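Here's a short tour of a protein model, one piece at a time. Keep the picture open while you read.

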Amino acid sequence: IPIVLIDSYCGDHYYHSIRIDDAYGSYLAAKYVLSRGHREIAFFCGQIKENGVMKKRLLGFQQALEEYGVPYQEQNIFEGQIDYRNGISLAKELVSKKLPTTAIVCAADILAIGAIRGLYEEGLRVPEDYSVCGFDNIFTSSIITPPLTSIDHRLWARCRSAVDQIVKQNDQGHGADKSAVMADKIEYAPQLMIRKSTGPARTSD
């Protein structure tokens, strides 16, 4: 059976794999927020597992901070489930801690959309009080208020490439010795989609 792994960091060299550069995508998001003057930035993500997608996205976030000379602070990392309700909860947790945060970089759009709702429920505005950036560029991100700045993860291109790989494997037949086959590893570069959920860092009154 032809197998193609998508968004996997499996170390098995016999499987074809297609993914994006998760670290670079998160780096782009954080770098853009930093370029708008933000220095106290929270990072909302799923459970961080070694060599997993969330770990890669955290590393990209850290790289951007390092380039701007901004210290990495564990208190600014908020882990949880990747869903809308958790985005709301994490935003409220952030506000309750009274940290000097002015921006939130989220490892998934659904977290970012929840975070915006959570901030609104706390009487805070996006981007006037907090800038919010997501990751995935799902359709909803472009139609919410305000439209969400996000990282496009090239979903259509990756799915098309996966189908092409499966067809290619079928054409080559199933009798070949797997140990003699060098699997294709395809990695797409993510793209920053700038919208209205991010703005300049707020200044002290």
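## Who Thr-149 touches

Let's start with Thr-149 in this predicted model. Leaving out residues up to four places away in sequence, Thr-149 touches Tyr-32, Val-132, Cys-133, Gly-134, Leu-192, Met-193, Ile-194, Arg-195, Lys-196, Ser-197 and Thr-198. With one of them, Thr-198, there's also a polar contact: the two side chains come to 2.7 Å.

So where does Thr-149 sit along the chain? Look in the loop between β6 (131-133) and β7 (150-152). And is Thr-149 buried or exposed? Its relative accessibility is 0%, so Thr-149 counts as buried.

## The sheet

Now find the open sheet, where 4 strands line up in the order β4-β3-β5-β6 with parallel pairing. The edges belong to β4 (77-79) and β6, and each of these has a single partner strand, so one side of each has no neighbour in the sheet. If you compare neighbouring strands, they're turned by 20° against each other on average, ignoring direction.

Want to zoom in on one pairing? Take β3 (residues 41-45) and β5 (residues 103-106), which pair in the parallel sense over 4 bridges. Here you can look for Phe-43, whose bridge partner in β5 is Val-105.

## Helices lying across the strands

Next, add a couple of helices to your picture. Helix α1 (residues 22-35) lies across β3, β5 and β6, and runs at about 170° to β5.

Then there's helix α3 (residues 84-96), which lies across β3, β4 and β5. Its direction is at about 150° to β3.

## What about the cysteines?

A quick bit of background: a disulfide is a covalent bond joining the sulfur atoms of two cysteines. How many disulfides does this model have? The count comes to 0. Take Cys-45, which is in no disulfide: the nearest cysteine sulfur belongs to Cys-106 and is 9.4 Å away.

Why isn't Cys-106 bonded to Cys-133? The closest cysteine sulfur to that of Cys-106 is the one in Cys-133, but at 8.0 Å it's too far for a bond, because a disulfide needs the two sulfur atoms within 2.5 Å.

Finally, check how hidden these residues are. Cys-45 has 0% relative accessibility, so it counts as buried. Cys-106 is buried too, with a relative accessible area of 1%.

Notes. Residues numbered from 1 in each chain as written. Predicted model: local features only at pLDDT ≥ 70, side-chain atom pairs only at ≥ 80, totals over all residues. Heavy atoms only, no water. Helix = DSSP H or I, 4+ residues; strand = E, 2+ residues; numbered from the N terminus. Buried < 20%, exposed > 50% of the residue type's maximum accessible area, 1.4 Å probe, protein only. Polar contact = N/O pair within 3.5 Å; in protein donor to acceptor, adjacent residues only side chain to side chain. Contact = heavy atoms within 4.5 Å. Pairing = 2+ DSSP bridges. Axes fitted to C-alpha atoms, helices over the stretch in contact; angles between N-to-C directions.
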